[in-house]
Amino acid sequence: MKYRAIGTDPNTRRDVSVLSLGTMHFGTATDEATSFAILDRYVEAGGTFVDTADNYGYWFDGSQGGQSEELLGRWRRSRGVGDEIVIATKLGARPLAPGTSFIDNPEGLSAPVIRESAQRSRDRLGVARLDLLYAHIDDPAVPMAETVEAFAELVAEDTVGLLGVSNHWAWQVERARNLAAAAGLPGYEVLQYQHSYLRPRTDLPGERSPDGMQGMLGGDLLSYLRTEPRLTAVAYSPLLKGGYVRQDRLDGPEFAEFDHPGTPARLAALRDVAKDAGATVNQVVLAWLIGADVPVIPLVGASSIAQLNESLAAADLELTTQQRAELDAAG
């Protein structure tokens, strides 16, 4: 396993594995015994960066979520896990009531919600301090300064270490960071977005905006990260939920943004490089992200040890200059 630092302040900066483990379905679709086995294998392989959210997985049973955090808390206690494992969680997208969705009924990012939600996450995880806390979605109804100040208060109280942001427009990230810097407050340092090898269309409306999908790591955010190398990018759904090995899934409506002429050429290049490297296409995608000129930490999910082992092997896969050039030029 390889590692990289996230954060800039010596008091909160952490070294984490270049492959993060997502636990969205742990405690719901993935049962406890399997979840524990996957977590154990990840740690055994040197993994140190686990990801969850306070609303995972509300959609499974019509609840408000919290099952993933609760399972991680039980796993931590049963294994005696301490500060060696960095657990990141998110708030803001928990449904306000059971049976509703974050799309139309989210908690949001007001100061009271941030404080209360962070406390609930600490209780469920069984930790005194959250290593990394993200703003899960944006909240246009709350002044951005209120959100920035509320997150900073938690850092000042030492109940949160690093701050991150997910599913925001690039201008929102920059504005929030500017507000924090002007006030001498800690700001967002980790950006978590959907990102993979295939290039998505950017002209399709998103779930929450007619202007596109806020959760995509597009050219605007990549350019921003290139000019702000101290920030860290984390990519969720890097393997497109099995889309690289299941054409039927990739052809489905969930991935309509990849239905364009550039996709077949990119898939062909991916298969060629995988054959040349003696690796799977999934491993090549992950290695391409990890070793990019704007390096990205892939956030992988797994419902079995076999799936996790495939992803873990990608951390040691070194693409050649020629292989990377072929992948970059395709499509």
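How many cavities of 30 Å³ or more does the count come to? In this predicted model, the count comes to 1 cavity of 30 Å³ or more. The largest cavity has a volume of about 40 Å³, and the residues that line this space are Val148, Phe151, Leu163, Ala176, Arg177, Ala180, Pro186, Gly187 and Tyr188. When these lining residues are sorted by character, they fall into 7 nonpolar, 1 polar and 1 charged. Two helices, α5 (144-156) and α6 (170-182), each contribute at least two residues to the lining of the largest cavity, and the greatest contribution is that of α6, which supplies 3 residues.

Open spaces were examined as well as enclosed ones. The second largest pocket holds about 610 Å³ of space, and it is lined by 33 residues, of which His195, Leu217, Gly218, Gly219 and Leu222 lie closest to its centre. The elements that give two or more residues to this lining are α7 (219-227) and α12 (321-329), and the largest share, amounting to 5 residues, comes from α7. In terms of residue character, the lining of the second largest pocket comprises 15 nonpolar, 9 polar and 9 charged residues.

The packing of helices was considered next, beginning with helix α1 (residues 32-44) and helix α3 (residues 67-79), whose axes are 11 Å apart and meet at an angle of about 60 degrees. Because this angle falls outside the range of 65 to 115 degrees that counts as roughly perpendicular, and is not under 35 degrees, which would count as roughly parallel, α1 is described as oblique to α3. The crossing in which α1 passes α3 is right-handed. On the side of α1, the contact is formed by Glu32, Ser35, Phe36, Leu39, Asp40 and Val43, while on the side of α3 the contributing residues are Leu71, Leu72, Arg74, Trp75, Ser78 and Arg79. Taken together, the residues of the contact between α1 and α3 consist of 6 nonpolar, 2 polar and 4 charged.

Helix α3 also packs against helix α4 (residues 111-125), here at an angle of about 40 degrees and with the two axes 7 Å apart. This angle, too, makes α3 oblique to α4. The residues of α3 that take part in this second contact are Glu69, Glu70, Leu72, Gly73, Arg76 and Arg77, and those of α4 are Ser121, Arg124 and Leu125. The division by character in the contact of α3 with α4 is 2 nonpolar, 2 polar and 5 charged. Leu72 of α3 is thus listed among the residues that make the contact with α1, and Leu72 is also listed in the contact with α4.

Finally, two features of the backbone were noted, each of them located in a loop. The peptide bond that leads from Tyr56 to Gly57 is cis, with an omega angle near -20 degrees, and Gly57 itself is placed in the loop that runs between β4 (49-51) and α2 (58-61). The other feature concerns Asp158, which has a positive phi of about 65 degrees although this residue is not a glycine. Asp158 is placed in the loop between α5 and β7 (160-166), and α5 is one of the helices that supply at least two residues to the lining of the largest cavity.

Notes:
Residues are numbered from 1 along each chain as its sequence is written. This is a predicted model: local features need pLDDT of at least 70, side-chain atom pairs count only at pLDDT 80 or more; totals for chains, interfaces and linings use all residues. Side-chain values use heavy atoms; hydrogens and water are left out. Axes are lines fitted to C-alpha atoms, for helices over the stretch in contact, and angles run from 0 to 180 degrees between N-to-C directions. Helices (H or I, at least four residues) and strands (E, at least two) are DSSP runs, numbered from the N terminus. Angles under 35 degrees count as roughly parallel, over 145 as roughly antiparallel, 65 to 115 as roughly perpendicular and the rest as oblique. A crossing is left-handed if the near helix is turned anticlockwise from the far one by less than a right angle, and right-handed if clockwise. Contact means heavy atoms within 4.5 Å. Ala, Val, Leu, Ile, Met, Phe, Trp, Tyr, Cys and Pro count as nonpolar, Asp, Glu, Lys and Arg as charged, and the others, Gly among them, as polar. On a 1 Å grid over the protein atoms alone, a cavity is a set of points where a 1.4 Å probe fits but cannot get out, and a pocket is an open set with protein on both sides within 12 Å along at least five of seven lines; lining residues have an atom within 4 Å of a point. Grid points are joined across faces, edges and corners, and a volume is the space filled by probe spheres set on the points.
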